[in-house]
Amino acid sequence: MMFWRKNSHKENGCVHRFQADEKVNELRVAMGRRLTKASEHFCTDACLKRYLEARNWDVDKAMKMLEETTQWRSTFKPDSIRWNDIAIEGETGKAYRAKFFDRQGRTVLILRPGMQNTTGCENQMRHLVYLLENAIYNLPKDQEQMAWLIDFTGWSMSNAVPVNTSRETINILQNHYPERLAVAFLYNPPRIFEASWKIVKYFLDAKTFAKVKFVYPKNKDSMELMKTYFDDENLPAEFGGRAKLHYDHEEFSRLMNEDEAKAEREWKSENSNGHINNGKPEVCHESAIALPAS
């Protein structure tokens, strides 16, 4: 997949800039010859900072995590996924990038598990990864994270994905896209979901767990919390807002194909211009491996 973008220079609030830069340099040196040409494109300073933050700035743990991700990317090949390969997964609108941003300017993914239309885990994961990469590609330059809105309308145990699929979703998100999720709102899950949640929550690390928020229409505090993240005018009525939620598969497919074409043009332009940052092309994020798929 051709999704990539230039480095964001937003500073991390947990450590001073000088200390963060020292840790980044230490991690880059530690990685050393482990970096292939492709992973060098991926391992920008911004990327290394996210992995360090995910492991509380422990260089050894961040390096292990990063090595596992580069290996995963070499086999999963998220840069090779095209929308037309996985478009069937999006036919019902069970997951897609919203047209609006949250109050912080973060991209928003809307997930509707009750609209599940397939059973194959492999293609479901390819669809998820594609949307993560596209959400990252569409982040404003000063943002690194996205928000999730999860609508449980129509969800039941009969259309729930298997536990193994949920586990793999969590694995990909927190281990290969660390510090990409700002918040995930689970809107009005039915009581029966509690049984699934009791299992799924044990796969979450502490940082990811803290980002999951349950919201119920009759719980004023939870609704007010969600609305601190979203404007009423943008928030769909299905989530207690004023906007109309409408998913048009043909329109969304057109947008995804346009993003792919745009990203490929940008990649070719950047490489022809030879933009360099710290000895590497100035590309960034999990969508940063900008090598064209064969």
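Visitor: Which residues does Leu 149 touch, not counting residues up to four places away in sequence?
Guide: Happy to start there, and do keep in mind that this is a predicted model. A contact here means heavy atoms within 4.5 Å. Leaving out residues up to four places away in sequence, the partners of Leu 149 are Phe 100, Val 108, Leu 109, Ile 110, Leu 111, Phe 185, Met 226, Phe 230, Leu 235 and Phe 239.

Visitor: How many residues are in the largest nonpolar core, and which helix gives the largest share of it?
Guide: In soluble globular proteins, nonpolar side chains tend to be buried together. Here the residues with the most contacts inside the largest core are Ile 110, Leu 132, Trp 148, Leu 149, Met 226 and Phe 230. That core has 55 residues, and its largest share, 8 residues, comes from helix α6.

Visitor: How many residues does the other core have?
Guide: This core lies apart from the largest one. Among its members are Val 24, Leu 35, Leu 48 and Met 65, and its size is 18 residues.

Visitor: How far apart are the end C-alpha atoms of helix α7?
Guide: Let's work it out together. Helix α7 covers residues 163-176, which is 14 residues, so at 1.5 Å a residue it should span 20 Å. The model agrees with that expectation, as the end C-alpha atoms are apart by 19 Å.

Visitor: What percentage of the protein's residues count as buried?
Guide: A residue is called buried when its relative accessible area is under 20%. In helix α7, the buried residues include Thr 165, Ile 170 and Leu 173. Across the 294 residues of the protein, the buried share is 51%.

Note on methods. Residues are numbered from 1 along each chain as its sequence is written. This is a predicted model: local features need pLDDT of at least 70, side-chain atom pairs count only at pLDDT 80 or more; totals for chains, interfaces and linings use all residues. Side-chain values use heavy atoms; hydrogens and water are left out. Helices (H or I, at least four residues) and strands (E, at least two) are DSSP runs, numbered from the N terminus. The expected span of a helix is 1.5 Å times one less than its number of residues. Buried means under 20% relative accessible area, exposed over 50%, partly exposed in between (1.4 Å probe, protein chains only). A nonpolar core is a set of buried Ala, Val, Leu, Ile, Met, Phe, Trp, Tyr and Cys residues joined through side-chain atoms within 4.5 Å.
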